[in-house]
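Colleague: I have this one open now, can you walk me through it? I'd like to begin with one helix and then move on to the charged pairs.

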Amino acid sequence: MAQAFPLGVATQALCAAGGSLELEELRRLVRTDAATLDALLRRDERLAVAVRGCGDRARRVVLAVTALRLCRGPPAGQQVCPGACAQLHLCKFQMYGACRFQKSQRTCRNGHSLSTLHNQRVLNMHGLNHLSYSELSQLLFQNDPWLLPEICLHYNKGDGPFGACTYERQCIKLHICQYFLQHECKFGASCKRSHDFYRLETLEKLKKLGMSTDLIRRLPSIYRNAHDIKNRGSVDSLARCATTTGVDTAYCSTEGVDTARCATEGVDTARCATEGVDTARCATEGVDTAYCSTEGVDTAHCATEGVDIARCATEGVDTAHCATEGVDIARCATEGVDTARCATEGVDTARCATEGVDSAQEGRDKATSVSSSTASQEESHQICLYHIRKSCSFKDKCHRVHFHLPYRWQYQDGDTWKDMDKMELIEEAYSNPQKEWVLPASSASASSCDRLNFGTMMIGTTPARRLSTASSVMKPPHFILTTEWVWYWTDETGAWQEYGKQGTQHPVATVSSPDLEKAYLAYCTPGSDAQAATLKFSAGKHNYEVDFKAFVQKNLGYGTARKVSRRPKYVSPQDVKKQQACNVGFKGPRNIPSYWDPSALPDLGFKRVTLSPSSEEYQKTHELFSRTLPSYVIQKIERVQNVGLWEVYQWQKGQMQKQRGDGEVNEQQLFHGTKASFVDAICQQNFDWRVCGLHGTSYGKGSYFARDAAYSHHYSEASTQSYMMFLARVLVGDFTRGCANYVRPPVKEGQATVFYDSCVNSMTDPSIFVVFEKHQVYPEYLIHYVTNAQQQASRVAPLQAQAQAQAQPRPQASAQAQPRPQAPLQAQLRLPARSWLEGWFRS
């Protein structure tokens, strides 16, 4: 029998993974057998099990549960909690990301530390003292309803852009589809309610609460976990998926409920009746009766006070206290003020309204937006490595620049950019950190107005720019003509010194140009935090810090600052021709799969090899495809053999293994549908969403891959003969839930320069994966398939041609040699004569 493990291990594993894990994944993480884990789940209420998905996709998910809550403050008229308070004394706004009172140097009445004697005693009492701050926050968010902003239930009723919500844009609750948060919305993208937390109206409300961008990103999964925890004992998801919702239509009719939506969304209309709620009064007051009943709200008192009872219940506001203190509830609602905080903190509601949004948070969001657009623009200005190497399959559709050199100097003339003359001389000057300007070849004078200033990238008042190939640290080593950036610092004499270079009179730094380049690119990545703006290192006995914003190096001991410069290593046109002629590949033996056809291994480009239907490769691919597209017929499956792409993919896999340390990388086989016109380009140069088109942007701007062939089929455009779909190898690695404005995965929490590898549609049941780096993908198989009707039509065509040929009159040799009457083809085949061919095409 396996040794029993402490509950704390399971709780910590769940909280670290976002509050929930599939049962088998949890068992693997805690390293126990199924019987031991099942026994723990049955006897301990601090672990809940929910069924997610339906039918064959149904999965049991384990959620972390706790009775611990944040203390909502002492009762009215008291300064401290009476007796021994069993709740945490912690500011919920600090948990959101930042407390406004602390930032404005005002005193916050709530605690900001878990290390106080009271909080340590409470954590010990609940057995949670071993959790980190982020793990504890995840646990509290999905269990304490006071922490989650309330979803407007009136918005989820009625018609119009705001549903039945009369406050419309002034409503302080979130206008989000409540069924989407429960992952039960059947309308999907066509739902008339919002599914987007990043919609401007919703985002502004979350910012007012001080929520961090990371918390906003995790809100959908937190709400779903909270829903499953609340309903863990009363809902059987599998039974509900298999049967109808059992809506009481008579009751719905009398109450004016939208029965169609109730039926499709699975709304429990009978709940109001069983809870003993006064539906007549609730109807006139516009109260969510089911919610009131479960929360124990005094509806009569709320109605007389004119209080929004749903919000009062979730925010813990003492409605009687509000009335006696003279809090203007109506004004709070129209001003968009958090009434709960006003009540507990004693804040002037008018002042809260005029103070507006957290300016620091707003500044961070603005910076993220700017860096995102800058990174996207920078990539579109890169020179295509495939074109400069030999040829680019995407040709004029390629989003990168096609040029014969790895750099291109241009100046702006009106709305167009024009090439400078003798740009190799400009490049040679730019590669020298001692030079701050150069005189372009077209300039007749040496005045400052005609100089190209490398610092400002201006020729007088004319903007200039330098286009470049990708940085060498971002590409595999066998890629030729990438840009090698060299980093320098100025010494006490003003001379430029290269970082990490041996043989100088200065102590050698612990960082080199490639180290600084990687850190700098991480800082330039959209979504990077403030920590990424600096890099610490040492040289000899001194410690230093490079500031990428100011481009200076600081001595942390003495505070002295030195200038820093980033310049490219010069490559002449002759060097370009030499590298193109040599075209050096990977050193050593080629690391290709043993099952590849050795007779179809081109040095450049690709070959497609048709698989035998009896082969193991064919059978596995066929099985994956037919799981969700059983009604389609596979004509053939081809293996794509591209040595260059395969070596790049293996190099990327090795890099990810080194970063993880444990040598394991999450690699999956996923589908990708595309147009027939893009197939050869993908086989040649891999997937590129800028050329092959977007398969959605809900989870980021990248290449989309699906677990199910049925999803990818929507993006497979049929040719005259068949559909085409790739089955690709994808290094999904560590993933997180995607967001529409991502142009690459976000930074991992608490790690300034470590990013996720990909994004997904759901953390608990991912079926859509978004990859932003094409080296993480290899287009392994190309599937040609047709519908049953196409397959049958292809069988009928030869028979139809034969029938037409037999119907043609033959030349008679003589009057005696008459042809024998020929029976109709359908009669020969003993098939019904009526609509014979039509039956084939209709089936």
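**One helix, then the salt bridges**

Modeller: In this predicted model, the residues of α26 that count as buried are S513, L516, E517, A519, Y520, L521 and A522.

Colleague: What covers those buried residues of α26?

Modeller: The cover includes several strands, namely β10 (485-490), β11 (496-498), β12 (534-539), β13 (542-547) and β15 (561-568).

Colleague: And how many residues does α26 have, and what does it reach from first C-alpha to last?

Modeller: Helix α26 runs over residues 513-524, which is 12 residues, and it reaches 16 Å from its first C-alpha to its last, close to the 16 Å expected at 1.5 Å a residue.

Colleague: OK, switching to charges. How many salt bridges does the count come to?

Modeller: The count comes to 29 salt bridges. One of them joins the side chains of D419 and R408, with N to O at 2.9 Å.

Colleague: Where do D419 and R408 lie?

Modeller: D419 lies in strand β5 (residues 416-419) and R408 in strand β4 (residues 407-413), so this pair ties together parts that are 11 residues apart in sequence.

Colleague: Is R408 buried or exposed?

Modeller: R408 counts as buried, at 17% relative accessibility, whereas D419, at 32%, counts as partly exposed.

Colleague: What about K536, which salt bridge is it in?

Modeller: The side chain of K536 meets that of E545 in a salt bridge, at 3.1 Å from N to O. E545 is buried, with a relative accessible area of 14%, while K536 is exposed, with a relative accessible area of 56%.

Colleague: Which residue does K636 pair with?

Modeller: K636 forms a salt bridge with E638, and the closest N and O atoms of the two are 3.6 Å apart. K636 counts as partly exposed at 33% relative accessibility, and E638 counts as buried at 7%. Elsewhere, salt bridges that share partners join E22, R59, R707, D708 and D765 into one network.

Colleague: Now the whole chain: how many helices and strands are there?

Modeller: The protein chain has 35 helices and 24 strands, and 45% of its 843 residues count as buried.

Colleague: What share of the contacts join residues at least 24 apart?

Modeller: Taking contacts between residues at least 6 apart in sequence, 62% join residues at least 24 apart.

Colleague: Last one, what area does the protein chain expose?

Modeller: It exposes about 43,000 Å², and carbon and sulfur atoms supply 50% of that area.

Key: Residues numbered from 1 in each chain as written. Predicted model: local features only at pLDDT ≥ 70, side-chain atom pairs only at ≥ 80, totals over all residues. Heavy atoms only, no water. Helix = DSSP H or I, 4+ residues; strand = E, 2+ residues; numbered from the N terminus. Expected span 1.5 Å × (residues − 1). Buried < 20%, exposed > 50% of the residue type's maximum accessible area, 1.4 Å probe, protein only. Contact = heavy atoms within 4.5 Å. Salt bridge = Lys/Arg side-chain N within 4 Å of Asp/Glu carboxyl O. Areas by Shrake-Rupley, 256 points an atom, 1.4 Å probe, with all protein chains shown as cover.
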